[in-house]
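Trainee: I have a model open and would like to learn how to read it feature by feature. Could you walk me through it?

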Amino acid sequence: MGSYEVSPEQALQTAIRFIKEGRVQSVKLEGGKEMAPTIRKITQAGIPVLGHVGLTPQRQNALGGFRVQGKTSAGALKVLEDALAIQEAGCFAMVLEAVPAEVASIVTEKLSIPTIGIGAGSGCSGQVLVQVDMSGNFPPGRFLPKFVKKYGDVWGEALRAIETYRDEVKSRQYPALEHTYPISGEELKAFEEAAAGVKAKGTS
Ligand SMILES: Nc1nc(=O)c2c([nH]1)NC[C@@H]1CN(c3ccc(C(=O)N[C@@H](CCC(=O)O)C(=O)O)cc3)CN21
Ligand SMILES: CC(C)C(=O)C(=O)O
């Protein structure tokens with residue numbers, strides 16, 4: 001929040017920084033109708049913009065939390081109007097987040113640009129999920145939004161690896177010979193003789 005919301009001019013300056021300093025090829029920003037002038041400003045400067053309507057997480061406080069959007073006829077119509085407004089402003093595609101699947105399908109059909117759905121059903125043009133969520137890279141018990149499907153157990157696998165490492169360090173199974181660096185017998189013998197003549201710390 002704040003990278004694009006002060007004014008279209010501030011937003012364009014931010015977008016230019018992302019392109020030049022962040023070396024990205026496009027920028028993504030949240031918001032509907034009210035962001036259309038900003039989106040137009042950035043796209044007219046030659047920077048592609050990915051939009052985002054429906055549940056816009058950076059505005060969670062104004063939305064009363066992470067709430068599904070477009071659950072009423074009026075709400076769904078607002079999502080559609082926002083989507084059309086930001087398409088018109090020059091977005092090349094948009095994220096559609098947490099709206100009923102049927103609403104997302106209709107919005108997608110009304111648009112000429114692709115929709116990338118998250119919690120918006122299979123009728124969107126494409127999908128996105130946070131990698132940490134879909135790979136299961138989080139501790140047990142964490143709250144998961146309804147739309148997340150856990151395809152793996154990266155956290156469990158990492159924990160298993162770390163615990164096995166700990167156990168092998170304690171039992172001195174690790175490091176084994178193959179994890180160490182060799183020294184020739186001749187050099188070792190010479191070192192042992194030299195070391196014998198070095199006074200140990202703390203002795204007198
Ligand atoms: N790790 C991660 N994954 C995400 O998908 C994600 C983030 N972080 N951070 C930013 C936003 C926040 N997101 C969220 C977070 C919570 C809900 C959530 O609690 N949804 C309720 C819906 C409540 C209602 O019915 O209105 C749910 O039960 O799924 C949804 C999207 C999606 N985004
Ligand atoms: C997961 C992606 C699309 C996102 O912008 C968000 O939910 O914050």
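Trainee: Let me begin with K146: where in the chain is K146 placed?

Mentor: K146 sits in the loop between α6 (131-134) and α7. Keep in mind that this is a predicted model.

Trainee: Is K146 buried or exposed?

Mentor: The way to read this is to count C-beta atoms around the residue; 12 or fewer within 10 Å means exposed. K146 has 8 such neighbours inside 10 Å, so K146 counts as exposed. For a sense of distance, take R40: R40 and K146 are 106 residues apart in sequence, and their C-alpha atoms are 34 Å apart in space.

Trainee: Which residues surround ligand 1?

Mentor: K146 is one of them, along with L55, P57, F66, R67, V68, A98, V130, V132, D133 and P145. When reading a shell, sort its residues by chemical character. Here the shell divides into 8 nonpolar and 3 charged residues, with no polar ones.

Trainee: And which residues are around ligand 2?

Mentor: That shell holds H52, P57, V95, E97, I118, V128 and V130. By character, 5 are nonpolar, 1 is polar and 1 is charged. P57 and V130 are listed around ligand 2, and P57 and V130 are also listed around ligand 1.

Trainee: A98 was in the ligand 1 shell. What is the sign of phi at A98?

Mentor: With backbone torsions, look at the sign and at the residue type together. Phi of A98 is near 50°, a positive value in a residue other than glycine. A98 lies in the loop between β3 and α5, and A98 is buried because 23 other C-beta atoms lie within 10 Å.

Trainee: What does R172 show for phi?

Mentor: R172 also has a positive phi, near 60°, and is a residue other than glycine. Its place is in the loop between α7 and α8. R172 has 8 C-beta neighbours inside 10 Å, so R172 counts as exposed.

Trainee: Which residues does the cis peptide bond join?

Mentor: For that feature, read omega. The cis bond joins Y174 and P175, with omega about -5°. P175 is in the loop between α7 (154-170) and α8 (185-196).

Trainee: Now the sheet. In what order do the strands come?

Mentor: Read a sheet by strand order and by pairing sense. This open sheet of 5 strands runs β1-β2-β3-β4-β5, with parallel pairing. β1 (27-28) and β5 (126-127) stand at the edges with a single partner strand each, so one side of each has no neighbour in the sheet.

Trainee: How many bridges link β4 and β5?

Mentor: β4 (residues 115-118) pairs with β5 over 2 bridges, and G117 has Q127 in β5 as its bridge partner. Helices then pack on the sheet: α4 (residues 73-88) touches β2 (49-54) and β3 (93-97), and its direction makes about 170° with that of β2. Helix α5 (residues 101-110) touches β3 and β4, at about 170° to the direction of β4.

Trainee: What about the pairings of β2?

Mentor: β1 and β2 pair over 2 bridges, where V27 has V49 in β2 as its bridge partner. β2 and β3 pair over 5 bridges, and H52 stands opposite V95 in β3. In β2, 5 of the 6 residues are buried, so β2 is largely enclosed by the rest of the structure.

Trainee: How many residues make up the largest nonpolar core?

Mentor: The general idea first: in soluble globular proteins, nonpolar side chains tend to be buried together. In this model the largest nonpolar core has 30 residues, and those with the most contacts inside it are I39, I86, M94 and L96. At least two core residues come from each of α1 (8-20), α2, β2, α4, β3 and α5.

Trainee: What does I86 touch beyond its sequence neighbours?

Mentor: Leaving out residues up to four places away in sequence, I86 touches G32, M35, A36, I39, G51, V53, C91 and M94.

Trainee: And where is G32 found?

Mentor: G32 is in the loop between β1 and α2 (36-44), and G32 counts as buried because it has 23 C-beta neighbours inside 10 Å. Its contacts, counted with that sequence exclusion of up to four places, are V53, D82, A85 and I86. The C-alpha atoms of G32 and G54 are separated by 8.6 Å, at 22 residues apart along the chain.

Technical notes
Residues are numbered from 1 along each chain as its sequence is written. Chains are lettered from A and ligands numbered from 1 in the order in which they are written. This is a predicted model: local features need pLDDT of at least 70, side-chain atom pairs count only at pLDDT 80 or more; totals for chains, interfaces and linings use all residues. Two strands pair if DSSP finds at least two bridges between them. Helices (H or I, at least four residues) and strands (E, at least two) are DSSP runs, numbered from the N terminus. Two residues are in contact if their C-beta atoms, placed from the backbone, lie within 7 Å. Axes are lines fitted to C-alpha atoms, for helices over the stretch in contact, and angles run from 0 to 180 degrees between N-to-C directions. A residue is near a molecule or strand if its C-beta atom, placed from the backbone, lies within 6 Å of it. Ala, Val, Leu, Ile, Met, Phe, Trp, Tyr, Cys and Pro count as nonpolar, Asp, Glu, Lys and Arg as charged, and the others, Gly among them, as polar. A residue is buried if 20 or more other C-beta atoms lie within 10 Å of its own, exposed if 12 or fewer, and partly exposed in between; C-beta atoms are placed from the backbone. A nonpolar core is a set of buried Ala, Val, Leu, Ile, Met, Phe, Trp, Tyr and Cys residues joined through C-beta atoms within 7 Å.
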